[in-house]
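Welcome! Please take a look at the sequence and the structure below, and then we can walk through some of the features together.

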Amino acid sequence: MGQRTPAGAPQWGGLPPQVIAVCISAEAGPLPCSARDVCPRLGPAGAGPRDPSWEAERLCACCCPPALHQVLSTYSYGWSQRDLHQNRPRVLPICKASHPVLTGVSDVRHGRSLSRSGARSSFILGRMLHPAGRLCSKTSPLRSFTRYQGGFRETASQPSSTRPGQMALRNVASSDAIQKHRKSLSDWFSHQPNEERQFGPSFSLDTIHVDPVIRESSLEEILKPSPDLTILNQLQSPCSRTIGLQNLFDADACGQQVKNVVLYGTVGTGKSTLIKKMVVDWCHGRLPRFELVIPFSCEDLSQSNVPVSLRRLITKKYLHLKEVVPLLGSANLKVLVILNGMERLNLDFRLSGTELCCDPNEAVPPSSIVVNLLRKYLLPEASIIVTTRPSAVRRIPSKYVGRYAEICGFSNTNLQKQYFQMRLSQPGCDGSGSSSNSDERDNLVEMLSRNLERHDQIAAACFLPSYCWLVCTTLHFLYFTKSVPPSQTLTGIYTSFLRLNFSGEILDSTDSTNVSMMKYVAKTVGKLAHEGVMSRRTCFSDEDLQKCFEVEMKTEGELNLLNVFRTDVFRFFLTPCVQPGKEHTFVFTIPAMQEYLAALYVVLGEKKTLAQRVGKEVSEVIGKISEDVTLVLSIVSKVLPLRILPLLFGLLKMFPRFFNRLSGKDRDTIAHTMAVEMFKEEDYFNDDVLDQINSSILGVEGPLHHPDEAPDDEVFELFPIFMGGLLSRRNRALLEQLGCSIKNLAAFEIANAMKKTMIRNSRKWLPPSELMDYLVFLHEFQNERFTAEAIRSLRAINLSSIKMTPLKCSILASVMGTTSHEVEELNLSSCHLDVSSLRTLFPVLLRCQKLHLQLNSLGPEACREIRDLLLHDKCVVSTLRLSDNPVTEQGAKYLAEAIAGNRSLTHLSLLHTSLGNQGVEVIAQHLAQNQHLKELDVGYNSVTDEAALGLVEVAKRHATLKEVHLYFNDISEEGKRALHALRRDRDGVQVLVFLTVGTDVSDYWAFILSVVQKNLPNWDRERVQQHLSLLLQDLECSRRQTGNPWKKAKFLRVENEVKKMLVKIQQGTL
């Protein structure tokens, strides 16, 4: 093909070089004249600098044959006879290489489209410049047009060899301007939103992306979907007629080249992400089919109706393309125009609505530019891909569409697994940037994969790539959150998730009300979700849907909005249930989404009685007309001084105030609902909400419920927590972007109304899981003043047996950090604590008087943290229980240093901590430096006679130590007698070794047996049986030695308790 004039080439008389080009073959002989050397009329003013890259001569119009003048005057293209004969004649850019002529150009002066006669004139013009009557054999100067599906397709003979014009265009495709454009697009489309930055720099479209399934479709399928295209069917059977992203512009079934592609999909299927990935691939050279990609956001184009030309629009959005824009009409420059989110534009393809325009310099409204691009009047050679929602597909006439393609999401479970594998196994997923937690990441992926295989419901949810993102984000929040920023909450994750999918979205751009999509969802789907929470249901029938969606349909516009919602958004929130026996019901895509939308429905004040709704409407009407009515009545009162007029004034002003009071009552109702749902006694012994979410994603290991078994009661403990989270300042700001406004005053009044009820209920005894939920609620609420008052009322915090993950530790530290008061007791026994947990909780532990850390995995490194804790100036810990932790001898050294320097500790339990003789000896060496310890428990530590006697000798000389526990150690009969002798001369020290004290029962026998019974699940049963047998023998021996019948009876009672415990241990019932 011919060579195009590059950007920056000289233009004379305002005539762009691409408007008209004369094709002269190199075989046709020398040019008729050289504009610079031959033409006498062409003065220095008309001579432009010669561009070596543009190998062109300028042909003086006055030196052309008369027939050429006739053609130029007849088909002037903005020229006139006067223009041709004045002193500064118009000149024509003439390429030495052959060049196609007069194709699709318009009158630059009057904006008139070139007719077919104009195309014929180009042929005549070519014949004039070739006296021999022959055209260039290698290329035809005349291009013909043929009709094809989706516009016109140009058919032209291809050159048999590379021509200089082609080389010039290739230079353009690799020019600095294009490279700058690539870099600019790459930086922009690779930019991560705030929701992605928490995963670190390794998470980007260029490194982690799984292409969704794309299925070739047709307009008939869009208008009448097949019943076989359900989510479950697509998951169980491979999708037919799939097409790759790289093949969207391949020839269709009829062999016609496709120019216009409509790519559609419901909300959440990944349209925008796919387009971003497509652009990034082109920027990195992975889309060689196109030399230039120009993406447009239809949302951006819809913001203004100010007329603008196509060239101005491109250069306005992409300044780097200023030099490339004049070449966009070239047949050899492969251009892809992307129109993302076409549903935001009101397109009118009628000629009466949008006039034809083929001039890229003519200023028209942006919607007209889009229409003429699709008509192929503008940039007929460009390929165009349009993304839209299904309801807007029919806005483009099918004759302008070459291919319909539907994004089916991750309809293959293997794609879901691949996404999770890439996302969760990526280095840096844990936020540390290291691979130390790779085993934990692999375990997460494995558990998630198993749940996808055995649980069809979560597979149906992950059908939408958006929900795959939500699953990964939630797991990252649950497992890899080392410290919780104040703004990072579970509610924030769900709000951000909805913002990514619905920010700025309106339900139907053709509707004059411009209803926010999220606002519509809150009113309709939120109502359904709330009714389900109140009745503890998760499955909904068609009748339930009709009650929530169709009961208030009054106008044609409302019905149209409902149809758009059903087509575009319904599947995002509700999906058919896949459980056996419930195939004809619907469930929320993610269980937690039901509770979130129910909370949003209540917090937005959509839960109103009929009287409240009527009152609001009347109040709004009166508020609008009150000023006008007041003005009229004031005028009338001057003419007719009626006594009733002041009463009317008062009524007009009183009704809005009265309604505001009713609104205040509505906020009291919201606060009451939140408090009641927070402390439901039937939910007291469920798992905490964070574990519930974890189980809903990863599943519960074990046998599944039989279909005939009665299902477990549905739990909705996230509902009040989401209500509190939605009232936080950050979430209210995000909801404002979604069109769901919650005023500051409303949030303030709800908090005040909720305070008394919440604090009163929290003072009651709460089981650990419910207390953990309450702490999560306070963290989600993000109200420091409210949280501080609530925490001051908690004197004892019992979280025993709660798996304290890094997230839960961070939440506890964050909530407790709002105050500085001392906590009487903190029970963290059996909470899976480790070194990092202690570091997170360090500020909280300092303020606790009684600290229970038993039954954890606290080894020597953790003991170093405990040493630093006990040596801190602000430490108030008086009781520390570390029993059943692998402290060992090394950990004992750190604890011994802490004992020597601490000033607050009075009770220390190191029961069953693997101290051994050396560990006890180290503690005994530092014990003399302590002046406050009153009780020391080193039982069940394999301590022998020497170490035990040494410890008791030191204890005898201690100023405050009263009790030393040495039971369940390896003490011989000689050691027993020596300790018994020391006990008789103990100088105030009580040594607990056996259940007997001489010929009497120890006062601590019940305490020792209770310790054994409590810790038996974590102790070696065989060793416990041996010790109990020894204790039983000791009891029997002491009973035989005494002659007191009361003491004998007491011995028999204790013997019976020991025998019962031995029998239960042997039977495995204890």
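How many of the 11 residues of helix H31 (residues 806–816) are buried? Nine of them are, and H31 is therefore described as mostly covered, where buried means under 20% relative accessible area, exposed means over 50%, and partly exposed lies in between (1.4 Å probe, protein chains only). The buried residues of H31 are Leu-807, Lys-808, Cys-809, Ser-810, Ile-811, Leu-812, Ala-813, Val-815 and Met-816.

Some background helps here. This is a predicted model, in which local features need pLDDT of at least 70 and side-chain atom pairs count only at pLDDT 80 or more, while totals for chains, interfaces and linings use all residues. Residues are numbered from 1 along each chain as its sequence is written, and side-chain values use heavy atoms, with hydrogens and water left out.

## The chain as a whole

The chain has 40 helices and 23 strands. These are DSSP runs numbered from the N terminus, with helices (H or I) of at least four residues and strands (E) of at least two. Of its 1070 residues, 54% count as buried. Contact means heavy atoms within 4.5 Å. Among contacts between residues at least 6 apart in sequence, 79% join residues at least 24 apart.

## Aromatic rings

A search of the whole structure finds 23 aromatic pairs. Rings of Phe, Tyr and Trp (its six-membered ring) pair if their centres lie within 6.5 Å; planes under 30 degrees apart count as stacked, over 60 as edge-to-face and the rest as tilted.

One of these pairs is formed by Phe-502 and Phe-573, which are stacked, at 5.6 Å centre to centre and with 15° between the planes. This pair links distant parts of the chain: Phe-502 is in helix H17 (residues 490–502) and Phe-573 in helix H21 (residues 570–573), 71 residues apart. Both Phe-502 and Phe-573 are buried.

Why is the pair of Phe-679 and Tyr-774 tilted? The ring centres are 5.5 Å apart and the planes stand at 50°, so the pair falls in that class. It too links distant parts of the chain, with Phe-679 in the loop between helix H24 (644–678) and helix H25 (689–698), and Tyr-774 in helix H29 (residues 768–781), 95 residues apart. Phe-679 and Tyr-774 are both buried.

Phe-502 and Phe-573 also belong to an aromatic cluster, together with Tyr-467, Trp-469, Phe-497 and Phe-572.

Charged side chains meet rings as well. A charge sits over a ring if NZ of Lys or CZ of Arg is within 6 Å of the ring centre and within 35 degrees of the ring normal. The charged end of Arg-182 sits over the ring of Trp-282, 4.1 Å from its centre. Arg-566 lies over the face of Phe-570, at 6.0 Å from the ring centre.

## Two helices that cross

Helix H13 (residues 413–424) and helix H16 (residues 465–479) have axes that come within 11 Å and cross at roughly 35°. Axes are lines fitted to C-alpha atoms, for helices over the stretch in contact, and angles run from 0 to 180 degrees between N-to-C directions. On the H13 side the contact is made by Tyr-419, Phe-420, Arg-423 and Leu-424, and on the H16 side by Cys-468, Trp-469, Val-471, Cys-472 and Leu-475.

## Some single residues

Three residues can be compared by position in sequence and in space.

| Residue | Partner | Apart in sequence | C-alpha to C-alpha |
|---|---|---|---|
| Ile-670 | Ile-750 | 80 residues | 6.9 Å |
| Asp-668 | Ile-750 | 82 residues | 6.4 Å |
| Lys-743 | Arg-729 | 14 residues | 9.9 Å |

Ile-670 lies in helix H24 and counts as buried because its relative accessibility is 5%. Leaving aside its neighbours within four places in sequence, Ile-670 is in contact with Val-602, Val-603, Met-723 and Ile-750. Asp-668 is found in helix H24 and is partly exposed, with a relative accessible area of 38%. Lys-743 has its place in the loop between helix H27 (729–737) and helix H28 (744–762), and at 56% relative accessibility Lys-743 counts as exposed.

Finally, two backbone angles. His-912, in the loop between strand E18 (907–909) and helix H35 (916–927), has a positive phi of about 55° although it is not a glycine. Tyr-940 has a positive phi of about 55° and is not a glycine either. Tyr-940 is placed in the loop between strand E19 (935–937) and helix H36 (945–957), and it counts as buried at 2% relative accessibility.
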